[in-house]
Amino acid sequence: MAALGRAASCQTGVTQWITACSGLLQAATVQGQCRRMLHGVFQHPSAKDSLQPSEEKVSAFTRIIEALGFTGPLKYSRWKIKVAALRMYTCCVEKTDYEEFFSRCHMPDTLNSWFLVAQLHVWMCLVRMRQEGRTGKYMCRYIVHCMWEDIEQRGKLMGMNSVALKEDMRSMVENFYAALFGYDEGILSDDHVLAAALWRNLFNKNCEDPRHLELLVEYVRKQVQHLDALSGEELLLTGEVSWRPLVEDNARSILKPLSPVYNDEGL
């Protein structure tokens with residue numbers, strides 16, 4: 001009887017321990033969901049990358065600490081990822097011909113127009129890096145961080161009043177959130193949806209020439225596919241990206257494979 005009593009007591013203790021752990025996991029999950037809702041700009045989900053890559057296995061401990069808002073172990077050091085993120089953002093700024101965008105799309109040469117073109121290229125980088133699992137999503141956070149730091153510095157160099165700059169940046173943040181969702185929906189849908197997203201976000205609903213929308217839709221499609229062809233390992237380590245020209249003779253060459261050519265004998 002004493003042995004049975006000790007066994008029952010032991011079983012009760014184990015049951016209580018399992019119940020406590022389950023409660024901890026549930027609480028961590030709820031907290032993680034709240035944090036992801038509050039920080040959506042840094043880990044913005046889309047239908048394309050809502051699930052982690054199947055080859056990336058994450059331990060239960062890592063899931064718990066990330067649900068609590070901490071960063072678990074990554075594929076590369078955080079310092080290397082931050083440097084690569086800064087370089088990738090720099091490529092969005094320095095390797096883009098903004099004057100050509102302003103000229104061909106009839107956009108005013110202002111800080112806001114510069115931001116709209118920059119955020120389009122930043123979004124394309126975010127789409128690409130979110131495909132690289134947890135490490136890529138961590139890199140996305142610092143790409144966005146670099147963008148806001150750069151915009152604030154540019155506003156100060158332009159002599160903008162601190163109050164006006166703060167208001168403009170608040171508006172830019174709201175537009176950026178909306179643009180992320182709109183562009184994601186557009187890239188996963190047909191050209192009509194993508195054109196509508198560009199009309200709302202890039203042109204501020206002020207585009208009367210459909211040829212401008214057609215040009216930008218083609219540009220986004222070819223750039224996203226161009227980025228998909230780049231090595232994920234190199235992007236995580238270097239952050240170096242290149243951009244195809246806004247206008248080129250054979251712009252759809254990367255979108256559709258060339259039709260096979262047969263000789264007279266059908267070979």
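In the predicted model, the crossing of helices H5 and H9 is right-handed. The two helices pack at an angle of about 35°, and their axes lie 10 Å apart. On the H5 side the contact is made by Leu 120, His 121, Trp 123, Met 124, Cys 125 and Arg 128. H9 contributes Leu 216, Tyr 219, Val 220, Gln 223, Val 224, Leu 227 and Asp 228.

Tyr 219 of H9, one of the residues in this contact, also takes part in aromatic pairing. In total, 7 aromatic pairs were counted in the model. One of them is formed by Tyr 98 and Phe 102, whose ring centres are 6.5 Å apart; the planes stand at 50°, so the pair is tilted. Both residues belong to helix H4, which covers residues 98–104. They are separated by 4 residues, about one turn of the helix. In general, an α-helix has 3.6 residues a turn, so residues three or four places apart point the same way. Tyr 98 and Phe 102 are both buried.

A further pair is formed by Phe 101 and Tyr 219, with 5.3 Å from centre to centre and 80° between the planes, an edge-to-face arrangement. This pair links distant parts of the chain, as Phe 101 lies in helix H4 and Tyr 219 in helix H9, 118 residues apart. Both Phe 101 and Tyr 219 are buried. In addition, Tyr 98 and Phe 102 join Trp 114 in one aromatic cluster.

Helix H7 comprises 26 residues, from 162 to 187. At 1.5 Å a residue, a helix of this length should span 38 Å, and the separation of 36 Å between the end C-alpha atoms of H7 agrees with that value. The N-terminal end of H7 is capped by Asn 161, from which a side-chain oxygen lies 2.8 Å from the backbone nitrogen of Val 163. The buried residues of H7 are Leu 165, Met 169, Met 172, Phe 176, Ala 179, Leu 180, Gly 182, Tyr 183, Asp 184, Gly 186 and Ile 187. These buried residues pack against four helices: H5 (111–129), H6 (133–157), H8 (191–201) and H9 (210–228). H5 and H9, which pack against each other at about 35°, are thus among the helices that the buried residues of H7 pack against.

The loop between H8 and H9 contains Asn 204 and Lys 205. Most residues other than glycine have a negative phi. Asn 204, however, has a positive phi, near 55°. For Lys 205, likewise not a glycine, phi is positive at about 60°. Asn 204 is partly exposed, its relative accessible area being 44%. Lys 205 has a relative accessible area of 55%, and is therefore exposed, the cut-off being over 50%.

Glu 233 is located in helix H10, which runs over residues 232–238. With a relative accessible area of 33%, Glu 233 is partly exposed. The C-alpha atom of Glu 233 is separated by 8.5 Å from that of Glu 132, although the two residues are 101 residues apart along the chain.

Terms used:
Residues are numbered from 1 along each chain as its sequence is written. This is a predicted model: local features need pLDDT of at least 70, side-chain atom pairs count only at pLDDT 80 or more; totals for chains, interfaces and linings use all residues. Side-chain values use heavy atoms; hydrogens and water are left out. The expected span of a helix is 1.5 Å times one less than its number of residues. Buried means under 20% relative accessible area, exposed over 50%, partly exposed in between (1.4 Å probe, protein chains only). Contact means heavy atoms within 4.5 Å. A polar contact is a pair of N or O atoms within 3.5 Å; within protein, one must be able to donate a hydrogen and the other to accept it, and residues adjacent in sequence count only if both atoms are side-chain atoms. Rings of Phe, Tyr and Trp (its six-membered ring) pair if their centres lie within 6.5 Å; planes under 30 degrees apart count as stacked, over 60 as edge-to-face and the rest as tilted. Axes are lines fitted to C-alpha atoms, for helices over the stretch in contact, and angles run from 0 to 180 degrees between N-to-C directions. A crossing is left-handed if the near helix is turned anticlockwise from the far one by less than a right angle, and right-handed if clockwise.
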